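Have a look at the sequence and the fold below, and keep the viewer open as you read. We will walk through a few local features together.

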Amino acid sequence: MRRLFLLTFLFFTLGVKAQTLTPRQQFPGLFEAVQLGQIFPDNKTFVDAVPKQDPAMIMKAYQDEKDKPGFDIKTFVLAHFDMPVSHNSFQTDIEAGIRKHIDTLWHVLQRRPDEAKPFSSSLALPNPYIVPGGRFREIYYWDSYFTMLGLQESHQVKLIHNMVENFAYLIDKYGFIPNGNRAYYLTRSQPPFFAMMVNLLAKNEGEKVLIHFRPQLIKEYQYWMQGWEGLAANQASHRVVKMAGGELLNRYWDESDQPREESFVQDVTAGKETQQPLPQFYHNIRAAAASGWDFSTRWFDASGKLPTIQTTSLVPVDLNCLLYNLELTIARSLNQIQNGKLAKLYSKRAARRKAAILKYCWNQKTGWFDDYNWQLNQLSTVPTLAAEFPLEFKIATVEQARLVAEGLKNNFLKAGGLVTTLNFSGQQWDAPNGWAPLQYIAIDGLENYHYNALAKEIATRWLRLNIRVFKQTGKLLEKYNVVDTKLTAGGGEYPLQDGFGWTNGVLLHLINRYHIDTEHESKDLPENQN
């Protein structure tokens, strides 16, 4: 019995250790053959598959069999791996209404606490959580905040708490919150919304939440500021950039310089067209994935082409607004425990960051907040909805907010809501697509500066589009075509996904915020309204 226990313990321990190894690391050669051979339409399928036995045994079998006549790699993979299963198939009852649909989706998209599966790419989480839906079978970092907005409206505070605890667990275990709970995401994070989640939870559970999660808030901040000591002006390390004037701001970064495993074919193919050294190109590709905006002309040079991607050269305005909020939240948490001296330090850091955002990211000529290219010492020339974030966090002056509101109304507001950029590039984070999180940030930010009528107009157009598509299809989608509302959204590396966590959350929040009658808001949208 003791020997059986020891073997079980060793198997579990090896399996947990293997969780931090990616599929490419576990299956060298086989991984490339599967992904480049495109035996599955989506590269994410294989990296989410669960090996049926120790990878060493699978690799030995592969080496023994691959050169034999009649060897079929797909048959081999299906024999040695359990394929990921979709949990999202259910029958929509359109007649029951959109609120009932979202309530049902919370159950469909919820996952129980994970058991550590040996050799799986999945990183086990201790509490229940919500996944976005479709091909996204794991928790995603920034998606989850917007999902929580809807969970709050559904009075599911316990589930919000569980999800925040999961993110705290990831910070404690890995030192940061990965893009998602997969081993192949352990080289990057996503937009840092953890402080926003803690503040959202505090609305229901009180300021004690700030004390409870203070250690993880500080650890996340340390992750984003790693390597700042000793930087000279116009130098960067990991996620930190020291600006020409000596200020510290941040960029998106991924520690790996290899093609993304979940998009391997796309990255290898794109790598053949770039003039950049491949390690630099893959850092830029991965950094864009860390931003959540994968992909957009926001990250490209003036040609607007993917091979010119330069994400790591840009100081993104939205990222730095989120880190400003993190610094303020840490200061609040320290004040809760009467550590005024340290709270003052973080407050000063927030004030310096605010000043730097206004100095480097405000474009006086265009009246817009832009990203800043720290290597060229100039503003980006691509206006995007990231300009909303200084309004959301009350960084913008009154006059800046007026100009941004004017720009949103005149340039970005379309028939179905706000378009992400003004460029029709074919990339999914460009025109004609609109995304729920950016609608929410714009609406909330505008109300901070009392542009309530414009905020409501954006919300109304977005809600009408969401509700009408639901009544036609029974689906709530990942993104929407807000320019020509009769067409579906396009672009991206995968088909349009339904589910969908952040769409559900923002939709329910806005319905309640503006007291929308969902039964009478599906009338046809005006054509080409601006």
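How many of the 13 residues of α8 are buried? The answer is 12, so counted because buried means under 20% relative accessible area. Please keep in mind throughout that this is a predicted model.

**Helix α8 and its partner**

Helix α8 covers residues 141–153 and carries a kink of about 25 degrees, with T147 at its centre. T147 itself is among the buried residues of the helix. So are Y141, W142, D143, S144, Y145 and F146 on one side of T147 in the sequence, and M148, L149, G150, L151 and Q152 on the other. Just after the helix comes H155, which has a positive phi, near 60 degrees.

Two packed helices are described by the angle between their axes and the distance between the axes. With that in mind, turn to helix α19, residues 436–448. Its axis and that of α8 come within 10 Å and cross at roughly 65 degrees. The crossing of α8 with α19 is left-handed. On the α8 side, the contact is made by W142, Y145, F146 and L149, while α19 brings P437, Y440 and I441. Sorted by class, this contact has 7 nonpolar residues, with no polar and no charged ones. The four contact residues named from α8 are W142, Y145, F146 and L149, and each of them also appears in the list of buried residues of that helix.

**Two residues in other helices**

Is N166 buried or exposed? This asparagine belongs to helix α9, residues 157–174, and it counts as buried because its relative accessibility is 0%. Leaving aside residues up to four places away in sequence, N166 touches L125, P126, N127, P128 and Y129.

K203 offers a contrast. This lysine sits in helix α10, residues 194–205, and is exposed, with a relative accessible area of 66%. K203 also gives us a link back to α8: its C-alpha is 9.7 Å from that of Q152, although 51 residues separate the two in sequence. Q152, for its part, is one of the buried residues of α8.

**Two open sheets**

The strands β5, β6 and β7 form an open sheet in the order β5-β6-β7, paired antiparallel. The edges are taken by β5 (235–237) and β7 (248–250); each has a single partner strand, so one side of each is left without a neighbour in the sheet. From one strand to the next, the twist averages 30 degrees. Strand β6 (residues 240–242) is joined to β7 by 3 bridges, and the two run antiparallel. If you would like a spot to zoom in on, K242 stands opposite L248 in β7.

Another open sheet also has 3 strands, in the order β8-β11-β12, and its pairing is antiparallel. Here β8 and β12 are the edge strands, each with a single partner, so one side of each lacks a neighbour in the sheet. Between β8 and β11, which run antiparallel, there are 2 bridges. L314 is found opposite N373 in β11.

**Backbone details in the loops**

Which peptide bonds are cis? One of them runs from D294 to F295, and another from A431 to P432. F295 lies in the loop between α14 (278–291) and β8 (314–315). P432 is in the loop between β14 (417–418) and β15 (433–434).

Two loop residues that are not glycine have a positive phi: Q338 and N377. The angles for these sites are gathered here.

| Site | Feature | Value |
|---|---|---|
| D294 to F295 | cis peptide bond, omega | near 5 degrees |
| A431 to P432 | cis peptide bond, omega | near 10 degrees |
| Q338 | positive phi | near 60 degrees |
| N377 | positive phi | about 55 degrees |

Q338 is placed in the loop between α15 (317–336) and α16 (340–361). With a relative accessible area of 68%, Q338 is exposed. N377 has its place in the loop between β11 (372–373) and β12 (378–379), two strands of the β8-β11-β12 sheet. At 37% relative accessibility, N377 counts as partly exposed.

Methods. Residues are numbered from 1 along each chain as its sequence is written. This is a predicted model: local features need pLDDT of at least 70, side-chain atom pairs count only at pLDDT 80 or more; totals for chains, interfaces and linings use all residues. Side-chain values use heavy atoms; hydrogens and water are left out. The bend at a residue is the angle between axes fitted to the seven residues ending there and the seven starting there. Buried means under 20% relative accessible area, exposed over 50%, partly exposed in between (1.4 Å probe, protein chains only). Two strands pair if DSSP finds at least two bridges between them. Axes are lines fitted to C-alpha atoms, for helices over the stretch in contact, and angles run from 0 to 180 degrees between N-to-C directions. A crossing is left-handed if the near helix is turned anticlockwise from the far one by less than a right angle, and right-handed if clockwise. Contact means heavy atoms within 4.5 Å. Ala, Val, Leu, Ile, Met, Phe, Trp, Tyr, Cys and Pro count as nonpolar, Asp, Glu, Lys and Arg as charged, and the others, Gly among them, as polar.
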